[in-house]
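Me: I am new to reading structures, and I would like to learn how each label is earned. Could we go through one together, asking each time what a word rests on?

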Amino acid sequence: MSSPSSDFLRTLAERGYIHQASDLEAIDAAALVGRLTTYVGYDCTAPSLHIGHLLSIMMLHWLQETGAGRPIVLMGGGTTRVGDPSGRDETRRILTVEQIEDNKSSIRQVFSRFIRFGEAGHDAAMADNAEWLTKLNYIDMLREIGRHFSVNRMLSMDSVRLRLDRDQELSFIEFNYMVLQAYDFVELSRRYGCLMQMGGSDQWGNIVTGIDLGRRLGTPQLFALTCPLMTTASGAKMGKSASGAVWLNADLFAPYDYWQFWRNTEDADVGRFLRMFTTLPLAEVSRLEALGGAEINEAKKVLATAATALLHGPEAAAGASETARKTFEQGVTADTLPTVEVPWGEIEAGLPIAPAIVRAGLAASNGEVVRAIAGGAISVNDARVTDRSRVVGPVDIVDGVVKLSFGRKKHVLLRAV
RNA sequence: GGGGGAAUGUCCCGAGCGGCAAAGGGGGCGGACUGUAAAUCCGCUGGCUAUGCCUUCGUAGGUUCGAGUCCUACUUCCCCCA
């Protein structure tokens with residue numbers, strides 16, 4: 001299509017969120033009149049979402065921000081009990097209902113950072129498909145929904161074919177996932193007048209199946225919009241860091257670490273990430289992106305602070321930024337670094353370096369510390385440790401704390417109490 | 001139902017004549033170089049109360065001074081025939 005006339009689609013296009021869409025012109029028209037109620041579903045497989053989910057959350061943010069329609073966050077309390085085979089080449093482990101409920105309540109929190117919930121106008125709504133899926137009766141469901149599904153068609157879906165082609169197990173329960181997700185779309189259309197479903201590119205098949213089911217069950221025409229799968233410029237999947245996934249919940253991944261994650265973006269990704277993961281004006285993004293050589297570091301700091309502010313709030317972002325400035329640019333010990341408390345008695349008696357590092361959460365075992373020392377990775381108060389029998393004692397305490405470092409980027413303060 | 005093959009370091013892939021804490025990749029981490037980047041080079045990538053001890057090769061037994069390796073049963077997966 002020619003350039004979109006709605007703010008929503010134009011913003012999404014300019015910022016690089018659009019991978020595939022079912023009918024851009026119709027979507028554009030609905031957005032223009034503010035009727036584009038849209039949902040994104042999130043499964044409750046972990047206690048927190050991670051940055052892989054951020055793109056779709058940002059799309060909901062822009063949907064609301066541009067007045068295109070009402071965002072609906074759908075918690076997969078029901079579908080998680082089944083397990084989505086998309087993008088998986090192994091059967092998902094089946095979670096207990098309790099785990100799912102715990103995860104659900106833990107995941108919910110982050111959304112209010114990005115979208116405004118409430119009852120008015122374009123205020124967002126949160127739904128949970130457990131509400132209707134758990135009430136389905138098998139026979140009724142087969143008669144009313146199942147008859148609209150062609151197994152021939154289902155077998156041709158990417159998520160299924162991948163497993164079949166590789167002769168990998170696909171259990172019947174997983175095979176049903178797309179049916180449930182399709183039904184969700186219809187249900188949300190009926191309950192909220194939802195017109196569109198967004199998600200990652202791997203969701204395309206499931207979304208389109210929902211559109212199809214809607215047509216057969218007489219909903220208004222439904223639409224699909226997907227965002228690209230996030231990778232770094234060097235081709236690696238995004239979302240992994242030193243300590244595993246980059247979680248959105250602060251208790252699993254500290255704001256400081258989150259800031260650092262963005263700060264360490266590859267040069268080639270800076271512009272793209274600024275567009276997708278911050279709300280900075282595009283003119284500003286272009287300017288930052290044009291910075292060359294070492295200057296691009298300024299752009300990375302802006303990216304880190306803006307992205308962190310979106311998720312954890314401006315204060316946490318400023319704090320992380322300041323801690324980083326002190327730690328890296330001044331080499332000063334910032335008291336806002338992650339801190340672990342240790343009884344004074346242990347320090348007084350002398351705490352061997354290996355257990356101290358483990359206690360600080362910087363390594364998983366004494367053996368790892370011993371190897372790290374051999375590799376020159378461990379420092380106490382910025383002085384490299386070369387002797388594995390080094391002991392952290394009272395002489396190391398400066399202003400009540402000892403600064404322990406694993407590599408140049410991971411620092412923890414041990415505070416004597 | 002019959003026949004054949006496979007399961008290896010809990011991140012993944014993968015080699016492994018009866019002496020194995022187990023080759024080689026990838027990934028990850030660390031060091032050097034830089035700009036807290038990329039690329040490149042180097043090191044590390046079971047645990048411990050550590051010149052030794054313990055736990056690891058699908059599960060359970062067995063043979064052996066000694067088993068990832070041989071035998072038996074079981075589990076799961078793949079292929080061929082019906």
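Reply: Let us start with a pair of charged residues: Lys104 is buried, and Asp128 is buried as well, in what is a predicted model.

Me: What makes Lys104 and Asp128 a salt bridge?

Reply: The term asks for a side-chain nitrogen of Lys or Arg within 4 Å of a carboxyl oxygen of Asp or Glu. The closest N and O atoms of Lys104 and Asp128 are 2.2 Å apart, so the pair meets the cut-off of 4 Å. Side chains of opposite charge can pair when their charged atoms come close.

Me: Which parts of the chain does the salt bridge of Lys104 and Asp128 tie together?

Reply: Lys104 belongs to helix α4 (residues 97-108) and Asp128 to strand β4 (residues 125-128), so the bridge ties together parts that are 24 residues apart in sequence. The structure holds 17 salt bridges.

Me: How do you know that Asp267 and Lys300 form a salt bridge?

Reply: The closest N and O atoms of Asp267 and Lys300 are 2.7 Å apart, and the cut-off is 4 Å, so the name applies. Asp267 lies in the loop between α13 and α14 (270-277) while Lys300 lies in helix α16, so this pair ties together parts that are 33 residues apart in sequence.

Me: Why is Asp267 called partly exposed, and why is Lys300 called buried?

Reply: Buried means under 20% relative accessible area and exposed means over 50%, with partly exposed in between. Asp267 has 46% relative accessibility, so Asp267 counts as partly exposed. Lys300 has a relative accessible area of 7%, and therefore Lys300 is buried.

Me: What links Arg359 and Glu346, and where do these two residues lie?

Reply: Their side chains meet in a salt bridge, with 2.5 Å from N to O. The pair links distant parts of the chain, since Arg359 is in helix α19 (residues 353-359) and Glu346 is in helix α18 (residues 344-349), 13 residues apart. Arg359, with a relative accessible area of 37%, is partly exposed, and Glu346 is partly exposed too, with a value of 29%.

Me: Which residues are joined into one network by salt bridges that share partners?

Reply: Glu101, Lys104 and Asp128 are joined in this way.

Me: Why is Pro255 called partly exposed?

Reply: The relative accessibility of Pro255 is 22%, and because buried requires a value under 20% while exposed requires one over 50%, a residue between those limits is partly exposed. Pro255 is found in helix α13 (residues 255-263).

Me: What does Pro255 touch, if residues up to four places away in sequence are not counted?

Reply: Pro255 touches Ala250, Thr308, His312, Ala316 and Ala320. Pro255 and Ser321 are 66 residues apart in sequence, and their C-alpha atoms are 9.9 Å apart in space.

Me: Why is Thr308 called buried?

Reply: Thr308 has a relative accessible area of 0%, and the label buried needs a value under 20%, so the conclusion follows. Thr308 lies in helix α16 (residues 296-312), and its side chain reaches the backbone oxygen of Ala304 at 2.6 Å. Leaving aside neighbours within four places in sequence, the contacts of Thr308 include Pro255, Tyr258 and Trp259.

Me: How many disulfides are found in the whole structure, and are Cys44 and Cys227 buried or exposed?

Reply: The search of the whole structure finds 0 disulfides; the name would require a pair of cysteine sulfur atoms within 2.5 Å. Cys44, at 0% relative accessibility, counts as buried, and Cys227 is buried with a relative accessible area of 4%.

Me: What makes β9 and β12 edge strands?

Reply: The open sheet has 5 strands in the order β9-β15-β14-β11-β12, with mixed pairing. The strands β9 (339-342) and β12 (383-384) each pair on one side only, and they are the edge strands.

Me: How do you know that β11 and β12 pair?

Reply: Pairing needs at least two bridges between the strands. Strand β11 (residues 378-380) and β12 pair in the antiparallel sense over 2 bridges, so that requirement is met. Val380 stands opposite Ala383 in β12.

Me: How many helices and strands are there in chain A, and what share of its residues is buried?

Reply: Chain A has 20 helices and 15 strands, and buried residues make up 49% of its 417 residues.

Technical notes: Residues numbered from 1 in each chain as written. Chains lettered and ligands numbered in written order. Predicted model: local features only at pLDDT ≥ 70, side-chain atom pairs only at ≥ 80, totals over all residues. Heavy atoms only, no water. Helix = DSSP H or I, 4+ residues; strand = E, 2+ residues; numbered from the N terminus. Buried < 20%, exposed > 50% of the residue type's maximum accessible area, 1.4 Å probe, protein only. Contact = heavy atoms within 4.5 Å. Polar contact = N/O pair within 3.5 Å; in protein donor to acceptor, adjacent residues only side chain to side chain.
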